Amino acid sequence: MTRWALPVVLALALVMTGIWGYNQYTLNRQYGIHMDNIYQKSFYDLVASVGSTEIKLSKLMVSSDRGQHIRLLTDISRQADYAQTNLSQLPISHTAIQKAQKYLNQLSDYAKYLNNKVSDGKIITTEEMDNLRELYRNAVRLNADLVRLDKEVQSGKAGWREIAKKGKSTFYEASNDLVTKQFVEIDQRGIEYPTLIYDGPFSEALKDRADIKGTVISRKKAEEIAREFIGSNLVKEIRFSSEGSGEFSTWGFDVTLKNYDHPYYIQISRKGGKVVNLIGQYKDGTPRLSVEQGKEKAAAFLNEKGYANMVPTYQQKYGSVSVINFAYSENGIIFYPDLIKVKVSLEDGRILGFEARNYLMAHKERDLEEPKLSLEEARKLVSSKLELLSARLAVIPTDGGNERFCYEFKGKYMGNLYIVYIDAMTGQEADILQIIDTENGFLAM
Amino acid sequence: MSDRNRLKIVSVLAAFLFIAAALNAYYTDRSAAEAAALGWGSSGDKVNEIQSKLKQWGYYDGPITGYYGELTYKAVRLFQQKNGLKVDGIVGPETAAALGINLGGGAPASSASAGGGGNQNDIYLLARVVHGEARGEPYVGKVAIAAVVLNRVRHPDFPNTIAGVIYQPGAFTAVDDGQINLTPDEESLKAARDAMNGWDPTYGAIYYWNPATATSKWIWSRPIHIRIGKHVFAK
């Protein structure tokens, strides 16, 4: 009995391990094939949509019909968007597809911009046509390269699974498999296109936004400003953290407070010595102040810090804190680009956050022309379905970093709150916002 | 070998297989049960419901935030203790039944949209990346990581949605090693929300790395904006 017990147990263990191993193997294989299929699909969709944008671009250049322009531009932006989405799902390092990604994003964005223009009754200028021709040439090249790559993948010379394995840790460094090599080549030689300056979120014009103006201040001076801003009587210790560059050059400080357990972090601009942002840590507690009281605290704080004429526009509440948006206002006109956000604790009214980047970049003396439309004329352009609650003049930011002078109408339709902007010069409907009033967020009327 | 012995082997083998199958089934079941339970870090309408129920019955005196944090956890434990349930601070099927709440099979994250501050789902997803990538970093460092994700969404070289940026293959180690699936803590949620509300201590950075461990040559060619905690941020 005992003589064969051990061998049997060992044999069984071996069999079990074998079964387990085989299961793991099949499972692994299934997952591998599944991943392969997903990548394959993304790649085929990419090839198809790049091919489609190429054709649509070529048709656009010979078409002179407005309706056709609109249809083609809509298609181009949609297909380019889809191509971009699929490209970003391939397991290829970021550096190898960066340019192709940018090309597709800008193509989609530029087509949207032109579409808006044509829809508004304007025509595509010769300069814009030149840009389109250049974009088309790139689409042709990209398409040809992708088709060639497709053949190699089809013939089994290159596979996705191998790349996925290697690509894992090489997001920033192109690996040396065939597919990635091809993409690197496409990126380096295939894509050259005009610098596109237009009114859209990916416009090159947005790249060089101006730094804050003013004289450069020392670290010591910045520390004083930080201490003053938080309140000299509240600060326990203030320590230099790091310098920042980028859109702004800043001095950053870590701050500890008296009778408060959580640290603050504050950044002061080197030029002009303005507080760019303040980030305070906190622990959720029981709110004792109403949202209205929180708003008053925030408004008083801004006033005390020398930001005059700031009016609250939107307020959110999370647990025991509230974030209030303020915009600059002058002569009854509200300037949304000049935005400051203040975060206040509803537990004790403490200021927990301040963010003035937008304000610092946008705020300036503006020379506004008189509106061409009267309030009455603009009101007639708003859909009669909307039950109007209020109206005023407003300057709103556009996607491309410009500004638009509008009439702002707030109104209700079917229980929902909407804001409609009518261009004060042209009477065009510049934008419609739907306000989703939740427990957490509400509009300041 | 006699017939009896052969029978023995077969039955032992059958027993092993049965155990293996049972284990397999157990693990599958367990993950399904986990999906339908709410615990620390969960958020959404269901959490709202739990908090209001507990408040009504006097177990909870915190605010109704829709977020399952320390206060809710303590209140749930108290409720379980008083009602003879297993005291684990998790609202599973039994606790939910005792509370009179239907958990359903849905994910714990809510789909309610919150206007201005962004979609709750987006905030939760962002918080998960922050939790996976920046645990142990100062709070500002967490806000910075969330800001980088959002800066990528706005940058032409990257995908245009939060999910697209986060799940771009290889982009975040926390996504590759599955740490993104951990439940984010309260601080990560706060950091995600701050970034969504426009706080960006990195001024438009789209890359970050840990100088102690980064090996890529390319990444060091990027102009560095700022250093926060262990990470440097660059464009």
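Here is a short chat about the contact between two chains and some of their strands, in a model that is predicted.

Reader: How many residues does each chain bring to the contact between chain A and chain B?

Author: Chain A brings 63 residues and chain B brings 60 residues. The area buried between the two is about 5,100 Å², and carbon and sulfur atoms give 57% of that. On the chain A side, A:Phe171, A:Tyr172 and A:Ile279 lose the most area to chain B, together 13% of what that side buries.

Reader: Why is the pair B:Asp200 and A:Arg357 called a salt bridge?

Author: The cut-off is a Lys or Arg side-chain nitrogen within 4 Å of a carboxyl oxygen of Asp or Glu. For the side chains of B:Asp200 and A:Arg357 the N to O distance is 3.9 Å, so the pair passes. The count between chain A and chain B is two salt bridges.

Reader: And how many residue pairs are in polar contact across that interface?

Author: The rule finds 20 residue pairs there, with both residues at pLDDT 80 or more. Helix H3 of chain A, residues 94-119, gives the most to the side of chain A that touches chain B: eight residues. Sorted by class, that side has 25 nonpolar, 25 polar and 13 charged residues.

Reader: Now the strands. What makes E2(B) and E3(B) a pair?

Author: Pairing needs at least two bridges. E2(B) and strand E3 (residues 231-234) of chain B have four, in the antiparallel sense, so they count as paired. As for individual partners, B:Arg227 is bridged to B:Val232 in E3(B).

Reader: Which strands are the edges of the open sheet in chain B?

Author: The sheet has three strands in the order E1-E3-E2, with antiparallel pairing. Strand E1 (207-209) and strand E2 (224-228) of chain B are the edge strands, because each pairs on one side only. The twist averages 20° from one strand to the next.

Reader: Over in chain A, how do you know that E9(A) pairs with both E7(A) and E10(A)?

Author: Same test: at least two bridges. Strand E7 (residues 333-345) and strand E9 (residues 387-397) of chain A share three, in the parallel sense, with A:Ile333 opposite A:Leu393 in E9(A). E9(A) and strand E10 (residues 403-413) of chain A run antiparallel over ten bridges, and A:Ser390 stands opposite A:Lys410 in E10(A). Both counts meet the cut-off, so both are pairs.

Reader: What lies between E9(A) and E10(A)?

Author: Five residues, and the two strands form a hairpin. In the turn, A:Gly401 has a positive phi of about 90°.

Methods. Residues numbered from 1 in each chain as written. Chains lettered and ligands numbered in written order. Predicted model: local features only at pLDDT ≥ 70, side-chain atom pairs only at ≥ 80, totals over all residues. Heavy atoms only, no water. Contact = heavy atoms within 4.5 Å. Buried area = accessible area lost by both parts, 1.4 Å probe. Polar contact = N/O pair within 3.5 Å; in protein donor to acceptor, adjacent residues only side chain to side chain. Nonpolar A, V, L, I, M, F, W, Y, C, P; charged D, E, K, R; others polar. Axes fitted to C-alpha atoms, helices over the stretch in contact; angles between N-to-C directions.
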